Structure formats: structure tokens, C-alpha cells
Amino acid sequence: MHWQTLSSYDALSERGADLFLAAIRRDPRIVLGLPTGRTPVRMYERVVAACAREYHCFRDVVTFNLDEYVGIERTHPGSYYRFMKQHLFDFVDIEPTNAHIPNGAAQDTIVECARYERAIAAAGGLGLTLLGLGSNGHIAFNEPGTPFDSRTRVVTLTESTRAANASLFEGQVPTHAITIGIGTILESKSIVLLASGEKKRAAIERLRSGEITEAFPASALWKHANVTVLTSMT
Ligand code: GLP
């Protein structure tokens, strides 16, 4: 695991965007796993700004978002579909059919999870996956206790995760989500994890300790040969 401690959230976002863009330049057809949440917002801003200068940045890129809430429509302000449009997809030249997000409003979410896993495999698997870090150590929506060989499935969100994500839901935070599994993440060729701010300090220290346990999902990343962790305390 390769650790980089950055001086600020800005510097972390810049480094994340550099790694993101370098991966696209190396392989313009790369398959990316993409996170939501507050942490990657400025990284996406920087990617958008760079791609406004570089024509056809995302033309052949394929993306798979890591997760989505169950039971909310794509138009809901709290949906990750809306988030991705607002922060990335509306501003780059990605083919809409190449930008995959689990459909949390699907009639049959179990069928949707199987379809999503198949779509990742059909695209050749994830090339680079960018991850945030939950303060309880979750990656995507894989909460503590998740088996490391888990695949895309419906999960029940913990109360702490629901509280952390309450702002866009006016008190009605979904109870369930679709998330790609830890096994799915570990099959990505490379992984970059971004963790920023005082609220993440304990989780960052626990990850850094090197203890590998399903009680702390991010620790699964120690089993992967190509992981970069970007941290900043502000
Ligand atoms: C959310 C998302 C995760 C994200 C994490 C951290 O619940 N499902 O994919 O990485 O929590 O979010 P934030 O960056 O807002 O702290």
C-alpha cells in the first residue's frame, strides 16, 4: 500500500485528479470505478476543468459507480445518479451508455445487482477504482462485517452511515443501498482511496495499523497489490 499524506484537501483533490487523468491518458478506454460523497467533489471539479482543455477526454472511458440508494428515483436530489450528473457527467464527453450507476429504483433489485456485476465483467473488469472512506471504515456501502469476497448486492445501511448522509434527504434517509462488493473492488487492477479531514482521522489510523479484519472493511485493501491511499488532515 502506497501512502501519500497531502497538506490540505485541495492538494489531495489535485493529486487524486492527477492520478485519475493519468489513467485515462495511459488507456483512453479505461474502465473506472467511481465514488460519491463529499470527499471526491473537488477532485471531480479538477478533472472537469482539465477535460475542458483536453478535447475528447472521456470519449471512450467506461465508468461504474460504486453504489446507489435503494428506493429513490434518479431524479431525487440525494441520488448518486444526480450527484454524478452534477459533479462530472454533465461536463465531460462521456457516452451516457458508458456511464453505469446501479438502478436503486429497479423493480427487482436482486436482478439489478446481478446485471450490474455482469456488466462490469462484460466491460473487462474495473481498471482503476477510486474510493472514499466511511468513518466506520466502509468502502462503497460495504459496512463493517462484510465478507471480503462479497459481490454487488443490496445492503442495509448502518445508523451512523445514514446519519452521515442525511443532509439531502430531509430526515428520510434510505435504509438500503446497492453496492458493489469488496470482492468486486479487489478485482480492480488498481485502487486509489481518498480520505480527508479530522472526521476520518481514526479510520485512517486504523487502516494504517495494517490489521486486516472484516470488522473494518477498508482493511481488505491490504490484500491488493496496487493501492494508493491519499490522506489529508484538513
Ligand atoms: C458514503 C458513500 C461512500 C463514501 C463514503 C464517505 O456513504 N457510499 O462511497 O466513500 O460514504 O463519504 P464522504 O466522502 O462524504 O465522507
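**The ligand site and selected residues**

The ligand occupies the space of the largest pocket. The model described here is predicted. Around the ligand stand 13 residues. Those that come nearest are Arg-38, Thr-39, Asp-67, Phe-141 and Lys-200. Sorted by class, this shell holds four nonpolar, six polar and three charged residues.

Polar contacts link the ligand to several side chains. Asp-67 is one partner: an N or O atom of the Asp-67 side chain is 2.9 Å from a nitrogen atom of the ligand. His-138 places a polar side-chain atom 3.0 Å from an oxygen atom of the ligand. Asn-165 also has a polar side-chain atom 3.0 Å from an oxygen atom of the ligand. The ligand on its own has 390 Å² of accessible area, and the protein covers 95% of this area.

Ala-140 was examined for its backbone. The residue is found in the loop that joins β6, residues 128-131, to β7, residues 153-156. Its phi angle is near 50°. This value is positive, although Ala-140 is not a glycine. In most residues other than glycine, phi is negative. Ala-140 has a relative accessibility of 9%, so the residue counts as buried, the limit being under 20%.

The chain beyond β7 leads to Leu-157. This residue belongs to the loop between β7 and α5, the latter spanning residues 159-164. Leu-157 counts as buried because its relative accessibility is 6%. Val-173 is 16 residues away from Leu-157 in sequence. In space, the C-alpha atoms of Leu-157 and Val-173 are 9.6 Å apart.

Ser-232 lies in a strand. The strand is β10, which runs over residues 227-232. Ser-232 has 0% relative accessibility and therefore counts as buried. The side chain of Ser-232 has a polar partner in the backbone. One of its polar atoms is 3.0 Å from the backbone oxygen of Thr-234.

Asn-103 sits in a loop as well. That loop runs between β5 (99-100) and α4 (109-122). Asn-103 has a relative accessible area of 23%, so this residue is partly exposed: the value falls between the 20% limit for buried and the 50% limit for exposed. Leu-66 is 37 residues from Asn-103 along the sequence. From C-alpha to C-alpha, Asn-103 and Leu-66 are 11 Å apart.

Lys-189 is an exposed residue. Its place is in the loop between α6, residues 182-186, and β9, residues 190-196. Lys-189 counts as exposed because its relative accessibility is 59%, and the class requires over 50%. Asp-90 is 99 residues from Lys-189 along the chain. A distance of 27 Å separates the C-alpha atoms of Lys-189 and Asp-90.

Definitions and conventions
Residues numbered from 1 in each chain as written. Predicted model: local features only at pLDDT ≥ 70, side-chain atom pairs only at ≥ 80, totals over all residues. Heavy atoms only, no water. Near = heavy atom within 4 Å. Polar contact = N/O pair within 3.5 Å; in protein donor to acceptor, adjacent residues only side chain to side chain. Areas by Shrake-Rupley, 256 points an atom, 1.4 Å probe, with all protein chains shown as cover. 1 Å grid on protein atoms, 1.4 Å probe; cavity = no way out; pocket = protein on both sides within 12 Å on 5 of 7 lines; lining within 4 Å. Sits in = over half its atoms within 2 Å of the grid points. Nonpolar A, V, L, I, M, F, W, Y, C, P; charged D, E, K, R; others polar. Helix = DSSP H or I, 4+ residues; strand = E, 2+ residues; numbered from the N terminus. Buried < 20%, exposed > 50% of the residue type's maximum accessible area, 1.4 Å probe, protein only.
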